[in-house]
Amino acid sequence: MQAPADTSVATGVPRIGRGFRLQWEPVQSAHVLLYPEGMVKLNASAGEILKRCDGATPIDAIVADLEKAFSTSGLDRDVRAFLDIASGQRWVEWV
Amino acid sequence: MSVVAPHDGHRPVGPPLWLLAELTYRCPLHCVFCYNPVDFAKHEDELPTDDWLRVLREARAIGAVQCGFSGGEPLQRNDLEILVAEAHRLGYYTNLITSGIGLNEQRIEWLKEAGLDHIQLSFQDSTREVNDFLSSTRTFDLKRKAAALIKQHGYAMVMNCVIHRLNIDHIDRIIELAVELDADYLELANTQFYSWAHINRDQLLPTREQLVRAEAVTNRWREKLGSKMKLFFVVPDYYETRPKKCMNGWGNVFLTIAPDGVALPCHTARMLPGLAFPSVREHGVGAIWYDSEGFNRYRGTGWMKEPCASCPERERDLGGCRCQAYMLAQDPAAADPVCDKSPRHAELVATVERLQTPRADAPAMPLVFRGRKESLATERQF
């Protein structure tokens, strides 16, 4: 049994939240999310998802792009779950 | 900040994620709790613009990502916009830590254009009278104007108010003001006792009763405001029984450059005896961070004495604050006396107890306002 993904993020277009900045840090070999006086070091999958949150690409297209890039399928639920958490943290907002 | 593994001789030293550029000790305010060194006026030879630009580049190259511009009042430097622009170009997240004095329409536009990401505005209190008294100036209206400018230019409004015995009972009004100014974050930071606040300690330490009341008021507002505004309440170390993991570990994440170019693991570390901190005028930032004696001395846990050395919690707080250990136990390698395992903790408790009820027969001590004249006159270095 799988719980349905949160419908509030079913069709949205995510972008990086106001005041946050996503960038690749060579010294840390990781994407980081910078915000006032702080930083989150992202794991590889979080980095891959967030770098596609450009404010123009809908969530379905992000999932499709990730599945293509990593030659896999069935990422939909994980991506939505992550974006749900990320929007709770204000890392992303919905256009 | 993500935590970088502390140095213990086996694990590598991580990058200095946070660069704090203390651009100047000059400040139009005269706050009684200022954390600048008491002898600041003896270090007035400020780094020129080109040296700051080099420091920004060198620190970024070894992995610094957050850059704070502070002081003194950083707006006193008229090259602030040049430095912010370079920091932004290099990929730093740029933070301005300001009293708001000197912020006007023109400068905030320049700063925005330069790529400034964030502004933290300090208030001394919610009312004009107390704000102006505690900073010994007439600045309250200027600060309100600065707050409005910050909002108008699309910045999050992050307010910091230093709390102590003389304003803690106004905390309800302070929070109300933050709501009025549409603040997104409000940090209610109790004074910690270093530098000028240490001189004024007996007048500034809140009583236990005041603290309990203030926290209750803060919690009521948290419930009322929900996610609209985040409230942080920082208790004075003196009321704790475990020390803070100061600066998230010595030479672990933070790199401070003082106005004269001296590199420090924190802004008060200059006080510690027997340590020569390197200057960016003579050394590269990478060599300073990784190889200097000053930055390596208290990294990790290898320097610890008992009770820290065998303490099961030693990795959690790394023995607390070296400056506090020096100020309260006269030994920078001692356990921070805030810890109740410290043999000197009882003395701190006695001090706190003594200050619960000001004695009528005790001589009234005047508050010492931070000032150039006072700084030059003092024998103290910190």
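**Entry 1: the sheet of chain B.** I began with chain B, where nine strands form an open sheet in the order β7-β6-β5-β4-β3-β2-β1-β8-β9, with mixed pairing. I then looked for the strands at its borders: β7 (230–234) and β9 (263–264) of chain B are the edge strands, each paired on one side only. I note here that the model is a predicted one.

**Entry 2: one strand pair and a helix.** I followed β5 of chain B, residues 158–163, to β6 of chain B, residues 185–190; the two run parallel and are joined by six bridges. For a single example I took B:Ile163, whose bridge partner in β6(B) is B:Asn190. I next asked which strands helix α9 of chain B touches. Helix α9, residues 208–225, packs on the sheet and touches β6 and β7 of chain B. The direction of the helix makes about 165° with that of β7(B).

**Entry 3: chain A as a whole.** I turned to chain A and recorded three helices and five strands. Along the sequence these follow the pattern β-β-β-β-α-α-α-β. Chain A has 95 residues, and 22% of them count as buried. I also looked up how its contacts are spread along the sequence: among those with a separation of 6 or more, 52% are between residues 24 or more positions apart.

**Entry 4: the sheet of chain A.** I found an open sheet of three strands in chain A, ordered β2-β3-β4, with antiparallel pairing. Its edge strands are β2 and β4 of chain A, and each pairs on one side only. From one strand to the next, the twist averages 30°. Between β3(A) and β4(A) I recorded four bridges in the antiparallel sense. One of the residues I checked was A:Val32, which has A:Lys41 in β4(A) as its bridge partner.

**Entry 5: where the chains touch.** How many residues does each chain give to the contact? Chain A contributes 14 residues and chain B contributes 14 residues. On the side of chain A that touches chain B, the elements giving two or more residues are β2 (21–25), β3 (30–35) and β4 (38–41) of chain A. The largest share on that side, four residues, comes from β4(A). I sorted this side of chain A by class and obtained six nonpolar, four polar and four charged residues.

**Entry 6: the largest nonpolar core.** I looked up the largest nonpolar core and found 119 residues in it. Which members touch the most others? They are A:Leu33, B:Ala64, B:Cys67 and B:Phe69. I followed A:Leu33 further, leaving aside residues up to four places away in sequence, and listed the residues it touches: A:Phe20, A:Leu22, A:Met39, A:Val40, A:Leu42, A:Leu50 and A:Trp91. As general background, nonpolar side chains in soluble globular proteins tend to be buried together.

**Entry 7: a serine in a loop.** I closed with B:Ser342, which lies in the loop between α13 (322–329) and α14 (345–354) of chain B. Is B:Ser342 buried or exposed? I entered B:Ser342 as buried, because 23 other C-beta atoms lie within 10 Å, and 20 or more are required. Not counting residues up to four places away in sequence, B:Ser342 touches B:Pro307, B:Ala335, B:Asp336 and B:Pro337. I also looked up B:Val285, which is 57 residues from B:Ser342 along the chain; their C-alpha atoms are separated by 35 Å.

Terms used:
Residues are numbered from 1 along each chain as its sequence is written. Chains are lettered from A and ligands numbered from 1 in the order in which they are written. This is a predicted model: local features need pLDDT of at least 70, side-chain atom pairs count only at pLDDT 80 or more; totals for chains, interfaces and linings use all residues. A nonpolar core is a set of buried Ala, Val, Leu, Ile, Met, Phe, Trp, Tyr and Cys residues joined through C-beta atoms within 7 Å. A residue is buried if 20 or more other C-beta atoms lie within 10 Å of its own, exposed if 12 or fewer, and partly exposed in between; C-beta atoms are placed from the backbone. Two residues are in contact if their C-beta atoms, placed from the backbone, lie within 7 Å. Two strands pair if DSSP finds at least two bridges between them. Axes are lines fitted to C-alpha atoms, for helices over the stretch in contact, and angles run from 0 to 180 degrees between N-to-C directions. Ala, Val, Leu, Ile, Met, Phe, Trp, Tyr, Cys and Pro count as nonpolar, Asp, Glu, Lys and Arg as charged, and the others, Gly among them, as polar.
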